[in-house]
Amino acid sequence: ERVGHTEHLAHLNEKAEKILDHIPSGVLALAEDRRVTGVNRWLAERLGKTTIDRPLAEAFDADPGDLARVTELVDRALVTREPQALRDKLKLFGTEAFLDLHAVPLARGFGDVSVLLVVDDTTDLRRIEQRLLHSEKLVTAGQLAAGIAHEIGTPLNVARGRVELSLSHLGKDHAE
């Protein structure tokens, strides 16, 4: 029976590792003392260095202000025992990027994992949103220009029609 439980736990562990390694988000496992105890493949590739057993402050090549915000997010999650989120333009990987960060405390944190820090890079999505917004502005400007052209064109067409009517009644050789 113990062997069966052990095999089942090994299967669950492998499954969890596979899922974490193949999601398109970064996951950083932190101990109560804010020491990195685990990192998934997505985040490890972006960090480009070994972060296991290092403090959170050394995990990222970050701007000091941005790193302070991440540390504050994790601290708030550990104190409140509720998930905390941060969505902003941050410089955590050497260059600025739009990131969504979620600090998720574990209800039953063990010594090596008390909180998960989930990182989503939304830079491409934000660029697409900005392009869409720009396109919408251009469409609005085009509609405005068409409306103005119509508003100006209508009275001019009336005036032109009256001139043509006058010319047809008076003839082209008339002095007026």
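How many residues does α4 have, and how far does α4 reach from its first C-alpha to its last? In this predicted model, α4 comprises 48 residues and spans 70 Å between its terminal C-alpha atoms, close to the 70 Å expected at 1.5 Å a residue. The helix covers residues 123–170. Just after α4, G171 adopts a positive phi of about 90°.

On the other side of α4 in sequence, T122 occupies the loop between β5 (113–121) and α4. T122 has a relative accessible area of 11% and is therefore buried, the cut-off being under 20%. Its contacts, leaving aside residues up to four places away in sequence, are F98, L99 and D100.

Helix α4 also contains I148. With a relative accessible area of 44%, I148 is classed as partly exposed. I148 belongs to a nonpolar surface patch together with L144, I152 and L156, and the accessible area of the four residues together is about 410 Å². Membership of such a patch requires over 30% relative accessible area and no salt bridge; the value of 44% for I148 satisfies the accessibility condition because it lies over that cut-off.

The structure holds nine salt bridges. One of them joins R160 to E164, with the closest N and O atoms 3.2 Å apart. Both residues lie in α4 and are separated by four residues, about one turn of the helix. R160 is exposed at a relative accessible area of 54%, whereas E164, at 46%, counts as partly exposed. Elsewhere, salt bridges with shared partners connect D33, R35 and D53 into one network. Within this network, the closest N and O atoms of R35 and D33 are 3.5 Å apart. R35 is partly exposed, with a relative accessible area of 26%, and D33 is exposed, at 53%.

A further salt bridge links E96 and K89, for which the closest N and O atoms are 3.9 Å apart. The relative accessible area of E96 is 51%, so E96 is exposed; K89, at 39%, is partly exposed.

D66, in helix α3 (residues 64–80), is buried yet forms no salt bridge. The nearest side chain of opposite charge is that of R69, 4.5 Å away. A salt bridge requires a nitrogen–oxygen separation within 4 Å, so the distance of 4.5 Å to R69 does not qualify. Apart from residues up to four places away in sequence, D66 touches L90, K91 and L92.

Conventions
Residues are numbered from 1 along each chain as its sequence is written. This is a predicted model: local features need pLDDT of at least 70, side-chain atom pairs count only at pLDDT 80 or more; totals for chains, interfaces and linings use all residues. Side-chain values use heavy atoms; hydrogens and water are left out. Patches are made of residues with over 30% relative accessible area and no salt bridge: like charges are joined within 9 Å, nonpolar side chains (Val, Leu, Ile, Met, Phe, Trp, Tyr) within 5 Å. Accessible areas come from the Shrake-Rupley method with a 1.4 Å probe; for residues, only the protein chains shown count as cover. Helices (H or I, at least four residues) and strands (E, at least two) are DSSP runs, numbered from the N terminus. Buried means under 20% relative accessible area, exposed over 50%, partly exposed in between (1.4 Å probe, protein chains only). The expected span of a helix is 1.5 Å times one less than its number of residues. Lys and Arg count as positive and Asp and Glu as negative; His and the chain ends are not counted. Contact means heavy atoms within 4.5 Å.
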